[in-house]
Amino acid sequence: MKFFQKEISLQSRRRGFHLITSEITGQLNELSQISTGQLQVFIKHTSASLTINENADPTVREDFESHINKMVPENAPYYKHTFEGPDDMPAHIKASLMGTSVNIPVTNGRLNLGTWQGIYLCEHRNHGGSRKVVLTLFGV
């Protein structure tokens, strides 16, 4: 069994849902060494998250952003954690709802995603900056 782990920085993105599959695979040359295995992608932030969903139609990502903003609005009168601005506490809630990691099977040196699946960075802050993710790849 082989194990690889590395931390990478994703480019800074505006608030929204962004496909990062190619950014991840482009920085993971070790992927070609795994016939059967798994990749875990873990984000090291509390105001951004990860998920897997539709990779073809960009309106899906727009709809995600619209819907989650209705579910978790800014400036709710009951928020106490507001020191970093009106998008801070909602970003923490959204990140907890979406999750901090995704696991993807690896088959013959490639991510074994469905035809229409991609890895999303869910950026919940207006100015979140570069995000760090830990990639843990293992298999035979």
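Which residues touch the most other members of the largest nonpolar core? In this predicted model, they are Ile24, Leu39, Val41, Leu111 and Leu135, out of 22 residues in that core. Two or more core residues come from each of the elements β1 (2-10), β3 (36-43), β4 (48-54), β5 (101-107), β7 (117-123) and β8 (131-139).

The contacts of Ile24 can be listed. Leaving aside residues up to four places away in sequence, Ile24 touches Ile8, Leu39, Val41, Ile119 and Leu135. Another core, of five residues, lies apart from the largest one; among its members are Phe17, Ile68, Tyr120 and Cys122.

Nonpolar side chains also appear on the surface. Met1, Phe3 and Val140 form a patch there, and together they have about 380 Å² of accessible area. Of these, Phe3 belongs to strand β1. Phe3 counts as exposed because its relative accessible area is 60%, where the cut-off is over 50%.

Two asparagines have a positive phi, each being a residue other than glycine. The table gives their values.

| Residue | Phi | Loop | Relative accessible area |
|---|---|---|---|
| Asn75 | near 60° | between α2 (58-71) and α3 (88-98) | 59% |
| Asn108 | near 50° | between β5 and β6 (110-111) | 63% |

Are these asparagines buried or exposed? Asn75 is exposed, since its relative accessibility is 59% and the cut-off is over 50%. Asn108, with a relative accessible area of 63%, is exposed as well.

Note on methods: Residues numbered from 1 in each chain as written. Predicted model: local features only at pLDDT ≥ 70, side-chain atom pairs only at ≥ 80, totals over all residues. Heavy atoms only, no water. Core = buried A, V, L, I, M, F, W, Y, C linked by side-chain atoms within 4.5 Å. Buried < 20%, exposed > 50% of the residue type's maximum accessible area, 1.4 Å probe, protein only. Helix = DSSP H or I, 4+ residues; strand = E, 2+ residues; numbered from the N terminus. Contact = heavy atoms within 4.5 Å. Patch = residues over 30% accessible without salt bridge, like charges linked within 9 Å, V, L, I, M, F, W, Y side chains within 5 Å. Areas by Shrake-Rupley, 256 points an atom, 1.4 Å probe, with all protein chains shown as cover. Salt bridge = Lys/Arg side-chain N within 4 Å of Asp/Glu carboxyl O.
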